[in-house]
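User: I have a structure open and want the reasoning behind some of its labels. Can you take me through it?

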Amino acid sequence: MELIQHLSLGFGVALSPMNLAYCFAGVLLGTFIGVLPGVGPLVTIAVLLPLTFGLPPEGAMIMLAGIYYGAAYGGSTTAILVNLPGESSSAVTCIDGYQMARQGRAGPALAIAAIGSVIAGCIGTLLIAFVGPPLGAVALKFGAAEYFSLMFMALICSSALVRGSLVKGMGMAFCGAIFGLAGTDVNSGIDRFTFGMDGLAEGFDFVVVAAGLFAFSEIVVNLGVSLKREVLTGRVTNLMPTREDLKASWKPILRGTGIGSILGVLPGTGQTIASFASYALERKLAKDPSRFGKGAIEGVAGPESANNAAAQTHFIPTLTLGIPSSATMALLLGALMIHGITPGPQVMTSHPELFWGLVASMWIGNVMLVILNLPLVGLWVAFLKVPYRWLYPLILVFSCIGIYTVNMSASDIAFAAFFGLLGYVFLKLDCEPAPFILGFLLGPMIEENFRRAMLQSHGNLEVFVSSPLSAVFLAIALGLVILMVVPLVRKQKDQAIAEG
Amino acid sequence: MKIHITKDFLSGALFGAIGLGTIVLGQSYDMGTAGNMGPGYFPVILGTIMTLIGLTMVVRSSLHPETSESVTSWEIRPLVFTLVAVFTFSLLIESRGLIVAVVALVLISRLAGREGSMRELAIMVLAMTLIAVGIFVYGLNIPLKLRPW
């Protein structure tokens, strides 16, 4: 069995003392920032990216991945105890999780969230191991037209599956692509949209955009509202879920894992949409839907599993195709490139120790997370009492120095302030930043593949439909657009999202 | 007809402006042909789609203002001081060094919020400087200029 060989190689890498330490550091930090509202995994990874330059590539990836799925985990603690999603993907967990906490059942809610997460995380990781190699083999045959259509589909997916209308989502995606244009055109060597600034010759650095859009604008909004936090701490007494809890939860956990895994593989869909979809499904399947919103344990088990499954399966398109399925994944790809590894289907064969080491570390990390989360929940709750006025200067200091160290360029920090302003305006206008950031990342790759495909076909657009795979990707994108225009489907999507 | 300045209307106007700007700036680059695109081809396509998206949103939100709400308040004070703090940091980091830049960043960003005593602020400034210097300069050996001289 090739798989067993691969996995034993992977565990060999992941179980080395140094890599275990990186994995532990990652999940610990991930849980920490997952618990802290207002600090997300994206910003954390963006800011800490320079700190991993000195590590070996496996260690860096294992740690960054740990931050990522650790945050998906930690976010549920805040959602249940404070009614504040530590991460947007935990927003739906607030609904029933917080109600359970108010009824004195915070312990079982936390436990079910952790159990669901670990099951979903392990199954999701298994899926990476199974689906990765065959998908990578197919992807090796991709040409420019297939890559273009795949990335175009990813953009449409992310535009369609956010709050608000499809047109607005697409506006954000194209807006991101336009900002991605800045810098030297790879084909002709001409500087475009640089406004004569030297600092823009290489375009906007992704860390700059991410810090501005997510860290700075969030700080402004958080300072504007007074965060009222009612921490339900005294009541976390009994962690053990009852037999009825487990009986009610195991099916939602498996269904949530299924939904999350499938949605996670599609590039452009977020973890948030997976958890909302799972919540909507559980409510539809429940014998008594009125219990939802009043502390139904299925409303915690399903979405938390979906969220974590999607967090893991996001790695599938990222690692096998080299296409980031979310902004955070793009940062991980960026980390790979910094270590001189070009993302793409060849990574699995050229760097097997990296791919399989990362997969193996995810199982280990998921187990570490349960140990970290359940017995230590009191410690995490203590962090919730840290006032925001202590937190935001820390975020600012780390962001500013982090941005500066990427290129040692002071103008990058000023650009980040500009993206902070832009991000704030977007937030006030209810424009979701997720499609923007994906457009920013995929834009240059889309342009490159579009130009190459058109060059090969001598300007004939037919090339995008004459290849069956490319046609399928475009058909999925088109289908999604049509689906979103159907009033009934759109209403249901809005309803599902609005319930958070 | 009275135009309601809703969130969707403003978003559409912003998108349209960015799209038009892209088309105008894109004109200065060589277009090339569909079979051999120059650096201007793709930006102009993007700008055109963006302008159309913006127009659609402006028209739709003018016809159906009830589908979107207006912005009720802007957080001017936190916005200005947070961005000024970051911008000041970018001006100071190379000329005056890390310590001055961090102190300025923490002090100015303090004006963005309204809470906390002076003693707390002094502790914050000291703690942030120590963390920044300790982690980045001594922990990670990143060659950052520390002092103004």
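User: How do you know that the length of α4(B) fits a helix?
Analyst: This is a predicted model, and the check is geometric. α4(B) has 13 residues. At 1.5 Å a residue, 18 Å is expected. From first C-alpha to last, α4(B) reaches 18 Å. The two values agree closely.

User: Which residues of α4(B) are called buried, and what makes a residue buried?
Analyst: The cut-off is 20 or more other C-beta atoms within 10 Å of the residue's own. In α4(B), B:L98, B:A101, B:V102, B:L105, B:V106, B:I108, B:S109 and B:R110 are buried.

User: What covers those buried residues of α4(B)?
Analyst: The cover includes α18 of chain A, residues 388–407. It also includes α3 and α5 of chain B.

User: How do you know that α12 of chain A has the span of a helix?
Analyst: The same kind of test applies. α12 of chain A runs over residues 298–313, which is 16 residues. Its span should be 22 Å at 1.5 Å a residue, and its end C-alpha atoms are 22 Å apart, so the two agree.

User: Why is α12(A) called mostly covered?
Analyst: Being buried takes 20 or more other C-beta atoms within 10 Å. In α12(A), 16 of 16 residues are buried. The label follows from that count.

User: Why is chain A called as compact as a globular protein of its length?
Analyst: Chain A has 23 helices and two strands. Its radius of gyration is 22 Å, and the globule rule gives 23 Å for 500 residues, so chain A is as compact as a globular protein of that length. Its C-alpha trace spans about 65 × 55 × 50 Å along the principal axes. Of its 500 residues, 62% count as buried.

User: How does chain B do against the globule rule?
Analyst: A compact globule of 149 residues would have a radius of gyration near 15 Å, but chain B has 24 Å. Chain B does not match the compact value. Its C-alpha trace spans about 55 × 45 × 20 Å along the principal axes. Buried residues make up 36% of chain B.

User: How is chain B built, and how far apart are its domains?
Analyst: Chain B has five helices and two strands. Their order from the N terminus is α-β-β-α-α-α-α. Domain 1 covers 7–67 and domain 2 covers 76–139. The C-alpha centres of the two domains lie 39 Å apart.

User: What makes the two chains partners in contact, and which element of chain B gives the most?
Analyst: Contact requires C-beta atoms within 7 Å. By that test, 53 residues of chain B are in contact with 52 residues of chain A. α3(B) gives the most to that side of chain B, with eleven residues. The residues of that side divide into 35 nonpolar, 13 polar and five charged.

User: Where does UniProt place the "transmembrane region" feature in chain B, and what does the model show there?
Analyst: The unreviewed UniProt entry places the feature at residues 9–29, 41–59, 79–109 and 121–140. Residues 41–59 of chain B are 100% helix and 0% strand, with end C-alpha atoms 27 Å apart. Residues 79–109 of chain B are 94% helix and 0% strand, yet the end C-alpha atoms are 10 Å apart.

Technical notes
Residues are numbered from 1 along each chain as its sequence is written. Chains are lettered from A and ligands numbered from 1 in the order in which they are written. This is a predicted model: local features need pLDDT of at least 70, side-chain atom pairs count only at pLDDT 80 or more; totals for chains, interfaces and linings use all residues. Helices (H or I, at least four residues) and strands (E, at least two) are DSSP runs, numbered from the N terminus. The radius of gyration is taken over C-alpha atoms; the globule rule is 2.2 Å times the number of residues to the power 0.38. A residue is buried if 20 or more other C-beta atoms lie within 10 Å of its own, exposed if 12 or fewer, and partly exposed in between; C-beta atoms are placed from the backbone. Domain bounds come from an automatic or database domain assignment. The expected span of a helix is 1.5 Å times one less than its number of residues. Ala, Val, Leu, Ile, Met, Phe, Trp, Tyr, Cys and Pro count as nonpolar, Asp, Glu, Lys and Arg as charged, and the others, Gly among them, as polar. UniProt positions are given in the numbering used here, feature names are shortened, and annotations may be inferred rather than shown by experiment.
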